[in-house]
Amino acid sequence: MQRHAASVGAEAAALSETWRQKQLEYTWVLSLMGRYAPFRDLTERALDYALALYPGVDPSLRGPLLDAYAALDAYPEVPATLDALRQAGLQTAILSNGDAAMLDEAVRAADLGGRLDAVISVDPAGIFKTSPGAYDLAPERLGIPAAEILFVSSNRWDVAGAAAYGFVPVWVNRARRPDEYRDLAPARIVDRLDALLRP
């Protein structure tokens, strides 16, 4: 969204927040109903809802916004952190609600392909996080017990799901948001990914 904030105008922040909220809401609602749809479809539906809610935003921005979402940049410290973790003999992986095609695009755009041992979509499970069925994919794919997997996310809801599942969860709280799931606490809170390399 940041790339097109000037074009979107004064409602850029509100549009972005609505888009993300609806995107997540759709995953949770479908999962509770026992239904599934590719995350790309839900991302498009969520943006369509946000654009309808803010009719002052030029609808021709739909395509550029979706293109930008598919090619998000990694935070600056991410590549070196992944390199350091792998050099320490650890496996690195992504477990995402994104469908396989979306993840391929995102990993390529962020130039992370050679830094990951696995890129895992929830597609095979047919259900989104925070369902245990989605988290099951990581131990199965990596061959590591859940209790030995360090699960890192900037989404507090995902950290809560990981804690409930039995991963060792780390919350990357860049925005210093308040904790909303205190009964499912992270093992650690950091403000950027390379803090994982510090004791």
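At roughly what angle do the axes of helix α2 and helix α3 cross?

**View 1. Helices α2 and α3 crossing in a predicted model.** Let's start with that question: the axes of α2 (residues 12-33) and α3 (residues 39-53) cross at roughly 135 degrees and come within 8 Å. Angles over 145 degrees would count as roughly antiparallel and 65 to 115 as roughly perpendicular, so α2 and α3 are oblique to each other. Their crossing is right-handed.

**View 2. The residues where α2 meets α3.** On the α2 side, look for L15, T18, W19, R20, K22, Q23, Y26, T27 and L30. From α3 come F39, L42, T43, R45, A46, L47, Y49, A50, L51 and L53. Sort this contact by residue type and you get 12 nonpolar, 4 polar and 3 charged.

**View 3. The buried face of helix α6.** In α6 (residues 100-109), the buried residues are M102, L103 and V107. Peer down the axis of α6 and these buried residues fall within an arc of 125 degrees, so they line one face of the helix. What do the buried residues of α6 pack against? Their partners are α3, α4 (62-70), β1 (93-96) and β2 (118-121).

**View 4. Just after α6, and on into the loop before β2.** D111 sits just after α6 and takes a positive phi of about 55 degrees. G114 belongs to the loop between α6 and β2. Is G114 buried or exposed? With a relative accessible area of 66%, G114 is exposed. Now hop over to R20, one of the α2 residues from View 2: the C-alpha atoms of G114 and R20 are separated by 28 Å, and the two residues are 94 residues apart along the chain.

Definitions and conventions
Residues are numbered from 1 along each chain as its sequence is written. This is a predicted model: local features need pLDDT of at least 70, side-chain atom pairs count only at pLDDT 80 or more; totals for chains, interfaces and linings use all residues. Side-chain values use heavy atoms; hydrogens and water are left out. Axes are lines fitted to C-alpha atoms, for helices over the stretch in contact, and angles run from 0 to 180 degrees between N-to-C directions. Helices (H or I, at least four residues) and strands (E, at least two) are DSSP runs, numbered from the N terminus. Angles under 35 degrees count as roughly parallel, over 145 as roughly antiparallel, 65 to 115 as roughly perpendicular and the rest as oblique. A crossing is left-handed if the near helix is turned anticlockwise from the far one by less than a right angle, and right-handed if clockwise. Contact means heavy atoms within 4.5 Å. Ala, Val, Leu, Ile, Met, Phe, Trp, Tyr, Cys and Pro count as nonpolar, Asp, Glu, Lys and Arg as charged, and the others, Gly among them, as polar. Buried means under 20% relative accessible area, exposed over 50%, partly exposed in between (1.4 Å probe, protein chains only). The arc is that of the directions from the helix axis to the C-beta atoms.
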